[in-house]
Amino acid sequence: MSKANLIDGKAIAASVRSEISARAARLLAETGKRPGLAVVLAGEDPASQVYVRNKGLAAEACGFHSVKHTLPADTSEASLLALVEQLNEDDTIHGILVQLPLPGHIDETKVLRLIRPEKDVDGFHPVNVGLLATGARDTALVPCTPAGSLVLLKRTLQTPLAGLNAVVIGRSNIVGKPMAALLLAESCTVTIAHSRTKDLPEVVRSADIVVAAVGRPEMVRGSWIKPGATVIDVGINRVPNPAKGEGATKLVGDVAFAEAAEVAGAITPVPGGVGPMTIAMLMANTLTAARRQLGVAPEPELF
Ligand SMILES: Nc1nc2c(c(=O)[nH]1)N[C@@H](CN(C=O)c1ccc(C(=O)N[C@@H](CCC(=O)O)C(=O)O)cc1)CN2
């Protein structure tokens, strides 16, 4: 029997999405406009196809104007850039998301930097990265997975995070670095650990909050976790599941869940933890982007 509280990402994501639907309805009543989201998929990666479909469905369920652009895997970089430019100019579109990863022949940086910062609902443009890094979170668009992780932390702890020791494992631009910036803005004492960190288990043992975003199945062991710590597992790794037969697979996180749940105070499962928050926070960012572009005052922060 595990001791930790299970952080129900599915339920919290559903509550965020329902709040966004209500806010979108208010925006429509006030301005006659719907938030518009364009999602662009280049290629046929099966997981990306599912994520893009789910983003479209979530946008429709929130009452948004939702468009999807699908380009073949061999589409040229120029065609993708032209599509982004067209969406930048489209007044009915307030948020543009280009699903990652892109086919190898396309320069991801070039594409992401062409998206207008005010429509960059992924929060990957250097303008948004810089705003977050300089403490101007209220004017930035914040990357969805770290934003969702922060919502889970705040709703779980229900007390200010100030002064807590937070260890973020992983230094990616999409999760690790923005997560560290968000925790720093909450006045946590933040350590970013990575593949070259010395004595990672000991570093993690100092953490009141652990965010694992390293992409290595079950790397973080239960013995690394400080008793009572809150563990946010961002990893989504598909691994073989021989118990279910040959060729069967299952999803696991970056944390050895059963072990960690014996020690932690609260922990996110995989699946059903951080993952669903990513799409919920995309809806939140699209609404924020729409309000700003329409010149309407912001709603209270979700987190
Ligand atoms: N442009 C972007 N590309 C990618 C992002 C992103 O934020 N922006 N993130 C990931 C993929 N992703 C959304 O795009 C995403 C990943 C996982 C989930 C999710 O809900 N996962 C479920 C499990 C799903 C399954 O069964 O396979 C969970 O964890 O419960 C949502 C969105 C990379 N690309």
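Val167 stands opposite Thr191 of strand β6, where strands (E, at least two residues) and helices (H or I, at least four) are DSSP runs numbered from the N terminus. The model is a predicted one, in which local features need pLDDT of at least 70 and side-chain atom pairs count only at pLDDT 80 or more, whereas totals for chains, interfaces and linings use all residues. Residues are numbered from 1 along each chain as its sequence is written.

Strands β5 and β6 pair in the parallel sense over 5 bridges, two strands being taken as paired if DSSP finds at least two bridges between them. Of the 5 residues of β5 (residues 165-169), 4 are buried, so this strand is largely enclosed by the rest of the structure; a residue is called buried if 20 or more other C-beta atoms lie within 10 Å of its own, exposed if 12 or fewer, and partly exposed in between, with C-beta atoms placed from the backbone. Both strands belong to an open sheet of 6 strands with parallel pairing, in the order β1-β11-β8-β7-β5-β6. The edges of this sheet are formed by β1 (5-6) and β6 (189-193), and because each has a single partner strand, one side of each is left without a neighbour in the sheet. Strands of a sheet pair through backbone hydrogen bonds, either parallel or antiparallel. At the β1 edge, 2 bridges join β1 to β11 (residues 266-267), the two strands running parallel, and Leu6 has Ile267 in β11 as its bridge partner.

The domain assignment of the chain, with bounds that come from an automatic or database assignment, gives domain 1 (31-116) and domain 2 (144-275). The C-alpha centres of domain 1 and domain 2 are 29 Å apart. Both domains give residues to the shell around the ligand, so the ligand lies between them. This shell holds 17 residues, the closest being Tyr51, Leu100, Pro271, Gly275 and Thr278, where a residue is counted as near if its C-beta atom, placed from the backbone, lies within 6 Å of the molecule. Two or more residues of the shell come from each of β4 (95-98), α6 (144-157) and α10 (274-294), and α10 gives the most, with 4 residues. By residue type, the shell divides into 11 nonpolar, 5 polar and 1 charged; Ala, Val, Leu, Ile, Met, Phe, Trp, Tyr, Cys and Pro count as nonpolar, Asp, Glu, Lys and Arg as charged, and the others, Gly among them, as polar.

Two of the closest shell residues, Leu100 and Pro271, also take part in cis peptide bonds. The bond from Leu100 to Pro101 is cis, with omega near 5°, and Pro101 lies in the loop between β4 and α4 (108-114). A further cis peptide bond joins Val270 and Pro271, with omega about 0°, and Pro271 is found in the loop between β11 and α10.

Positive phi values occur in residues other than glycine at Gln158, where phi is near 55°, and at Glu218, where phi is near 55°. Gln158, in the loop between α6 and β5, is exposed, with 7 other C-beta atoms within 10 Å. Glu218, in the loop between β7 (209-212) and β8 (230-233), is instead buried, with 20 other C-beta atoms within 10 Å.

In helix α5 (residues 126-133), the buried residues are Asn128, Val129, Leu131 and Leu132. These four residues cover an arc of only 165° around the axis, which puts them on the same side of α5, the arc being that of the directions from the helix axis to the C-beta atoms. The buried residues of α5 pack against α7 (176-185), with contact defined by C-beta atoms, placed from the backbone, that lie within 7 Å. After α5 comes Gly135, whose phi is positive, near 85°.

Two further positions may be placed by their surroundings. Ser18, in helix α1 (residues 9-31), is partly exposed, with 13 other C-beta atoms within 10 Å; Ser18 and Pro143 are 125 residues apart in sequence and, C-alpha to C-alpha, 20 Å apart in space. Asp91, in the loop between α3 (77-89) and β4, is exposed, with 9 other C-beta atoms within 10 Å. The C-alpha atoms of Asp91 and Gln293 are separated by 9.0 Å, although these positions lie 202 residues apart in terms of distance along the chain.

Notes
Two residues are in contact if their C-beta atoms, placed from the backbone, lie within 7 Å.
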